[in-house]
Amino acid sequence: MRIRLLAISVTALFIVGSTVCTAQVKDAGLWLGVNVKKNLTQKFSVEFGQALRWNENVTELGSTFSEIGGAYKIRPRLHISAFYRFGQDRQLDNRYSLCHRYYADLSYKIKLKPISLTFRERYQATYRDINRREKGEVARDYLRTRLALKYDLEKKYTPYLEAEAFYRVDDWITKIRFRGGMEYDFNKWSSIELFYMINKEIQVVNPWTSFITGVSYTYSF
């Protein structure tokens, strides 16, 4: 019954997402990721991740990045984290732009068993092609607000839904995401996440809407 209700919710979410997807350009993508997480104490952990992202209907490697950072549990429901990411993004002329990104998160979880709600606010700054192009040292700043709903079935798998909005610090919303997926724990060290996401640009010239399938593996120790 719970799974049926969740399936209905996922379907409704993507119907709503598809309804607002009136962009001129549509694409299909594939995101793959691997993460290694080390719990140094009960409150503090460090993490390294590597990701590959294909676009153009999964025919072109659009971006790749590595990131490293740490997370701290202030209280059982309140967390902060900070990460640095180095990546390469494919441009229209087929060259790869070098990107340095810094971001910090503040998240708070509310448990209404069997459901949990997590609100996360992120500030991120991205620098592209420093010393390679004009204004490469000027950061593009974003705030990213995300609300996630997880359904705790008390089993190895946990389904979830997420909605996220991107704000330019000096502008309005420029991108929204709707995402649904499932986390599966192989054991206490290994887990995998499968998801499907609608990634839509808004208020930009020739906005893109991407329909993305993703897989991410995490090893924790």
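Reader: Which side chain meets Arg120 in a salt bridge?

Author: This is a predicted model. Its salt bridges pair a side-chain nitrogen of Lys or Arg with a carboxyl oxygen of Asp or Glu, within 4 Å. For Arg120 the N to O distance is 2.8 Å, and the partner is Glu164.

Reader: How many residues apart in sequence are the parts that Arg120 and Glu164 tie together?

Author: Arg120 lies in strand E6, residues 115-128. Glu164 lies in strand E8. The pair therefore ties together parts whose separation in sequence is 44 residues.

Reader: Is Arg120 buried or exposed, and which is Glu164?

Author: Buried means under 20% relative accessible area. Arg120 has 4%, so Arg120 is buried. Glu164 has 9%, so Glu164 also counts as buried.

Reader: How many salt bridges are there by this rule?

Author: The rule asks for a nitrogen and a carboxyl oxygen within 4 Å. One pair that meets it is Glu67 with Arg85, at 3.0 Å. By this rule the count is 13.

Reader: Which strands hold Glu67 and Arg85?

Author: The closest N and O atoms of this salt bridge are 3.0 Å apart. Both residues are buried. The pair ties together parts 18 residues apart in sequence, because Glu67 lies in strand E3 and Arg85 in strand E4.

Reader: Which residue forms a salt bridge with Arg179?

Author: The closest N and O atoms here are 3.9 Å apart. That is within the 4 Å cut-off, so the pair counts as a salt bridge. The partner of Arg179 is Glu162.

Reader: How many residues apart in sequence are the parts tied together by Arg179 and Glu162?

Author: Arg179 is in strand E9, residues 173-185. Glu162 is in strand E8. The pair thus ties together parts with a sequence separation of 17 residues.

Reader: What relative accessible area do Arg179 and Glu162 have?

Author: Both values fall under the 20% cut-off for buried. Arg179 is buried at 15%. Glu162 is buried at 14%.

Reader: Which residues are joined into one network by salt bridges that share partners?

Author: Arg179 and Glu162 form one salt bridge. Shared partners bring further residues into the network. Its members are Arg146, Glu162, Arg179 and Glu193.

Reader: How many aromatic pairs does the structure hold?

Author: Rings of Phe, Tyr and Trp pair if their centres lie within 6.5 Å. Phe83 and Tyr103 are one such pair, with centres 5.5 Å apart. The structure holds eight.

Reader: Why is the pair of Phe83 and Tyr103 described as it is: stacked or edge-to-face?

Author: Planes under 30 degrees apart count as stacked. The planes of Phe83 and Tyr103 lie at 10°, so the pair is stacked.

Reader: Which strands does the pair of Phe83 and Tyr103 tie together?

Author: Both residues are buried. They tie together parts 20 residues apart in sequence. Phe83 lies in residues 78-90 and Tyr103 in residues 96-112, so the strands are E4 and E5.

Reader: Is the pair of Tyr142 and Phe166 stacked or edge-to-face?

Author: The centres are 6.4 Å apart, and the planes make 75°. Angles over 60 degrees count as edge-to-face. The pair is therefore edge-to-face.

Reader: Where do Tyr142 and Phe166 lie?

Author: Tyr142 is buried at 15% relative accessibility, and Phe166 is buried at 5%. The two are 24 residues apart. Tyr142 lies in strand E7 (residues 140-151) and Phe166 in strand E8 (residues 157-168).

Reader: Which charged end sits over the ring of Tyr142?

Author: A charge may sit over a ring if CZ of Arg is within 6 Å of the ring centre. Here the distance is 5.6 Å. The charged end belongs to Arg168.

Reader: Which ring lies under the charged end of Arg53?

Author: The charged end of Arg53 sits 3.6 Å from the ring centre. The ring is that of Trp31.

Reader: Is Tyr72, in the nonpolar surface patch, buried or partly exposed?

Author: The patch covers about 490 Å² and includes Tyr72. Tyr72 is placed in strand E3, residues 60-75. At 36% relative accessibility, Tyr72 counts as partly exposed.

Conventions
Residues are numbered from 1 along each chain as its sequence is written. This is a predicted model: local features need pLDDT of at least 70, side-chain atom pairs count only at pLDDT 80 or more; totals for chains, interfaces and linings use all residues. Side-chain values use heavy atoms; hydrogens and water are left out. Rings of Phe, Tyr and Trp (its six-membered ring) pair if their centres lie within 6.5 Å; planes under 30 degrees apart count as stacked, over 60 as edge-to-face and the rest as tilted. Helices (H or I, at least four residues) and strands (E, at least two) are DSSP runs, numbered from the N terminus. Buried means under 20% relative accessible area, exposed over 50%, partly exposed in between (1.4 Å probe, protein chains only). A charge sits over a ring if NZ of Lys or CZ of Arg is within 6 Å of the ring centre and within 35 degrees of the ring normal. Patches are made of residues with over 30% relative accessible area and no salt bridge: like charges are joined within 9 Å, nonpolar side chains (Val, Leu, Ile, Met, Phe, Trp, Tyr) within 5 Å. Accessible areas come from the Shrake-Rupley method with a 1.4 Å probe; for residues, only the protein chains shown count as cover.
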